[in-house]
Amino acid sequence: MRGSSLRSAIWDREAWENLMSKKIEKAWGYELVLSSTNLYTLKKLVVNPGWRCSLHRHRIKDETFICESGYGWVCIENDPVEMQIGVSVRIMPQDWHYFWCPNSEIKPMVLLEVSTHHSDEDVERNNKSCMLRTSEECE
């Protein structure tokens, strides 16, 4: 009985995410927008092994990433932070940053992003998302 309740709870969470979120496909994986208001945004970022997002910054957005599962890196102003389950990192407005999941990983890195309101107009990109040639860089 207890095991089936646990399975139901897990299924309910997955069903809730699928029903209540907006999935946005990205070159590096995808985002699930779990909640978004004029005050805050909550997203789940799924970063596929061997992919890196673009180097970018936000003029206004203040965000925190929390590693939910998997392994990878977040680089903020040329300072790499190793991400594993439970590790969190704050990205201040104007900080150049990107994240990646190494080629050597089997599972994606999953980050929860808690931030002030997200607006596409607030993003400035320096390059494009890309598939990694090494575990740290790509052109």
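Which residue in β11 does Cys 67 stand opposite? In this predicted model, the residue that faces Cys 67 from β11 is Leu 111. The strands concerned are β6 and β11 (residues 109-116), which run antiparallel and are joined by 6 bridges.

This pair belongs to an open sheet of 6 strands, in which the order is β1-β2-β3-β11-β6-β9 and the pairing is antiparallel. At the edges stand β1 and β9 (88-91), and because each has a single partner strand, one side of each is left without a neighbour in the sheet. On average, and with direction ignored, neighbouring strands of this sheet are turned by 25 degrees against each other.

A further set of pairings involves β7, β8 and β10. Between β7 and strand β8 (residues 79-84), which run antiparallel, there are 6 bridges, and Ile 76 has Asp 79 in β8 as its bridge partner. The hairpin of β7 and β8 has 2 residues between the strands, and in this hairpin Glu 77 takes a positive phi near 50 degrees. β7 is also joined to β10, again in antiparallel fashion, by 4 bridges, and here Trp 73 stands opposite Trp 100 in β10.

The largest nonpolar core draws on several of these strands. It holds 21 residues, of which Phe 65, Val 74, Met 83, Phe 99, Met 109 and Leu 111 touch the most other members; Leu 111 is thus both the residue opposite Cys 67 and one of those with the most contacts to other core members. The elements that give two or more residues to this core are β3, β6, β7 (71-76), β9, β10 and β11, and the element that gives the most is β10, with 4 residues.

The empty space in the model can be considered next. The largest pocket has a volume of about 390 Å³, and its lining is made up of 27 residues, with Lys 26, Glu 31, Lys 43, His 118 and Asp 120 lying nearest the centre. Two or more lining residues come from each of β1 (22-26), β2 (29-36), β3 (40-47), β5 (56-58), β6 (63-69), β10 (97-101) and β12 (123-125). When the lining is sorted by class, it divides into 9 nonpolar, 9 polar and 9 charged residues. Among the strands named here, β3, β6 and β10 give two or more residues to the pocket lining, and these strands also give two or more residues to the largest nonpolar core.

Terms used:
Residues numbered from 1 in each chain as written. Predicted model: local features only at pLDDT ≥ 70, side-chain atom pairs only at ≥ 80, totals over all residues. Heavy atoms only, no water. 1 Å grid on protein atoms, 1.4 Å probe; cavity = no way out; pocket = protein on both sides within 12 Å on 5 of 7 lines; lining within 4 Å. Points joined across faces, edges and corners; volume = space filled by probe spheres on them. Nonpolar A, V, L, I, M, F, W, Y, C, P; charged D, E, K, R; others polar. Pairing = 2+ DSSP bridges. Axes fitted to C-alpha atoms, helices over the stretch in contact; angles between N-to-C directions. Core = buried A, V, L, I, M, F, W, Y, C linked by side-chain atoms within 4.5 Å. Buried < 20%, exposed > 50% of the residue type's maximum accessible area, 1.4 Å probe, protein only.
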